[in-house]
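New to this one? Take a slow look around before reading on, and keep the viewer open so you can click on residues as they come up.

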Amino acid sequence: MTIPIFHVDAFSAAPFAGNPAAVCLLETPAQAAWMQHVAAEMNLSETAFVAPDAQGYSLRWFTPACEVDLCGHATLASAHVLYERGAAQAGKAVDFYTASGTLTARRSGGWIEMDFPAEAARQSAACEGLFESLGIGEAAGAAFVGRNRFDYIIELSSEAALRALSPDWARLLAVKTRGVIVTSPSSDDRYDFVSRFFCPAVGVNEDPVTGSAHCCLGPYWQGRLGKSELTGYQASARGGVVRVRVCGPRVMLIGQAVTVTEGVIL
């Protein structure tokens, strides 16, 4: 028996940008150990495993090192594959049953909108070694430090300071958190804010474009800018655009995706 698998660049309208994810289409749920081996073999920031379940699909996400409870870009990639293959119809929602509850995706035109839980952060003191591991000094001007159930979030004074960060990965790995979101106002009028996301604890030093981080960034910048519809740019080497609409306890993440390769697991 062969198992279809796809390599999709998420949060991008063109190949070789955005955040790559593998999407594995299963007929029935698989064992966690096997899925972890496949994710390690794919060696992408996330591999999604999709299987039919009730009136939708079960969905699990694995990094090369571990399973995670919430992932935006691999959910976008999964929805993209289902729509592209005709397993879902444009305009009709797809429900994914996940460790973070039911997540809904809907395609309209070239964009896919995903209904995710908001993950707002509360102000928090920086733990010992956090700033040092990121290379944040006084010149970077940290305006805010907070934390949600997954990550730290730090606002810097400028996009230039954000882009200049060069973390010490070994020191950051010692910080007890899934990851660190660093954000700032955008110097480009096309975007409301920019961000980067560092997560060596889950086997990915810098994630190219992080949907789940925008579940935090959306509510944060809504509070800072007083608007519920925002556009963010994640300033990794690959880069990607995430449109966000904050709806109380939910966040709509809107992005594009493109399939780069497809094949089978033998």
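What follows is a short tour of a helix, a few residues, some salt bridges and the empty spaces inside. Keep in mind that this is a predicted model.

**Helix H1 and its two sides**

Let's begin with helix H1, which covers residues 32-42. Which of its residues are buried? They are Met35, Gln36, Val38 and Ala39. Looking down the axis of H1, you'd find these buried residues within an arc of 160°, so they line one face of the helix. Ala33, His37 and Glu41 sit on the other side of H1, and these are exposed.

What do the buried residues of H1 pack against? The partners are strand E1 (3-10), strand E3 (46-53), strand E4, strand E5 (67-68) and strand E18 (257-265). Just after the helix comes Asn43, which has a positive phi, near 55°.

**Two buried residues to click on**

Strand E4 spans residues 56-62, and Phe62 is part of it. With a relative accessibility of 2%, Phe62 counts as buried, since the cut-off for that is under 20%. Setting aside residues up to four places away in sequence, Phe62 touches Ala32, Met35, Gln36, Ala39, Ser45, Glu46, Thr47, Phe49 and Glu67. Three of those names may ring a bell: Met35, Gln36 and Ala39 are among the buried residues of H1. For a sense of distance, try Phe62 and His80: 18 residues separate them in sequence, and their C-alpha atoms are 18 Å apart in space.

Thr75 is the other one to try, and you'll find it in helix H2 (residues 73-84). Is Thr75 buried or exposed? At 1% relative accessibility, Thr75 counts as buried. Beyond its neighbours within four places in sequence, Thr75 is in contact with Leu59, Trp61, Phe96, Leu103, Met114 and Phe116.

**Salt bridges**

Side chains of opposite charge can pair when their charged atoms come close. How many salt bridges turn up in the whole structure? The search finds eleven. Here are some of them, with the relative accessibility of each partner.

| Pair | Closest N to O | First partner | Second partner |
|---|---|---|---|
| Arg250 and Asp115 | 2.8 Å | Arg250: 25%, partly exposed | Asp115: 21%, partly exposed |
| Arg178 and Asp151 | 2.7 Å | Arg178: 17%, buried | Asp151: 2%, buried |
| Arg224 and Glu155 | 2.8 Å | Arg224: 41%, partly exposed | Glu155: 3%, buried |

Where do these pairs sit along the chain? For the salt bridge between Arg250 and Asp115, Arg250 is in strand E17 (residues 250-255) and Asp115 is in strand E8 (residues 111-117), so the pair ties together parts 135 residues apart in sequence.

Next come Arg178 and Asp151, whose side chains also meet in a salt bridge. Arg178 is in the loop between helix H5 (169-173) and strand E12 (179-185), while Asp151 belongs to strand E11 (residues 151-155); the two are 27 residues apart, and the pair links distant parts of the chain.

Strand E11 shows up again with the salt bridge of Arg224 and Glu155. Arg224 lies in helix H6 and Glu155 in strand E11, so this pair ties together parts that are 69 residues apart in sequence.

**Empty space inside**

Rolling a probe the size of a water molecule over the atoms shows where empty space is left. In this model, there are two cavities of 30 Å³ or more.

The largest cavity has a volume of about 120 Å³. Of the 17 residues that line it, Glu46, Arg178, Phe197, Cys199 and Asp207 are the closest to its centre. Strand E13 (193-199), strand E14 (204-207) and helix H6 (211-225) are the elements that each give two or more residues to the lining. What kinds of residue make up the lining of the largest cavity? Seven are nonpolar, seven are polar and three are charged.

The second largest cavity holds about 40 Å³ of space. Its lining is made of Leu172, Val175, Thr177, Arg178, Gly179, Phe198, Cys199, Pro200 and Ala201. By class, six of these are nonpolar, two are polar and one is charged. You'll have met Arg178 already, as the salt-bridge partner of Asp151.

Terms used
Residues are numbered from 1 along each chain as its sequence is written. This is a predicted model: local features need pLDDT of at least 70, side-chain atom pairs count only at pLDDT 80 or more; totals for chains, interfaces and linings use all residues. Side-chain values use heavy atoms; hydrogens and water are left out. On a 1 Å grid over the protein atoms alone, a cavity is a set of points where a 1.4 Å probe fits but cannot get out, and a pocket is an open set with protein on both sides within 12 Å along at least five of seven lines; lining residues have an atom within 4 Å of a point. Grid points are joined across faces, edges and corners, and a volume is the space filled by probe spheres set on the points. Helices (H or I, at least four residues) and strands (E, at least two) are DSSP runs, numbered from the N terminus. Ala, Val, Leu, Ile, Met, Phe, Trp, Tyr, Cys and Pro count as nonpolar, Asp, Glu, Lys and Arg as charged, and the others, Gly among them, as polar. A salt bridge is a side-chain nitrogen of Lys or Arg within 4 Å of a carboxyl oxygen of Asp or Glu. Buried means under 20% relative accessible area, exposed over 50%, partly exposed in between (1.4 Å probe, protein chains only). Contact means heavy atoms within 4.5 Å. The arc is that of the directions from the helix axis to the C-beta atoms.
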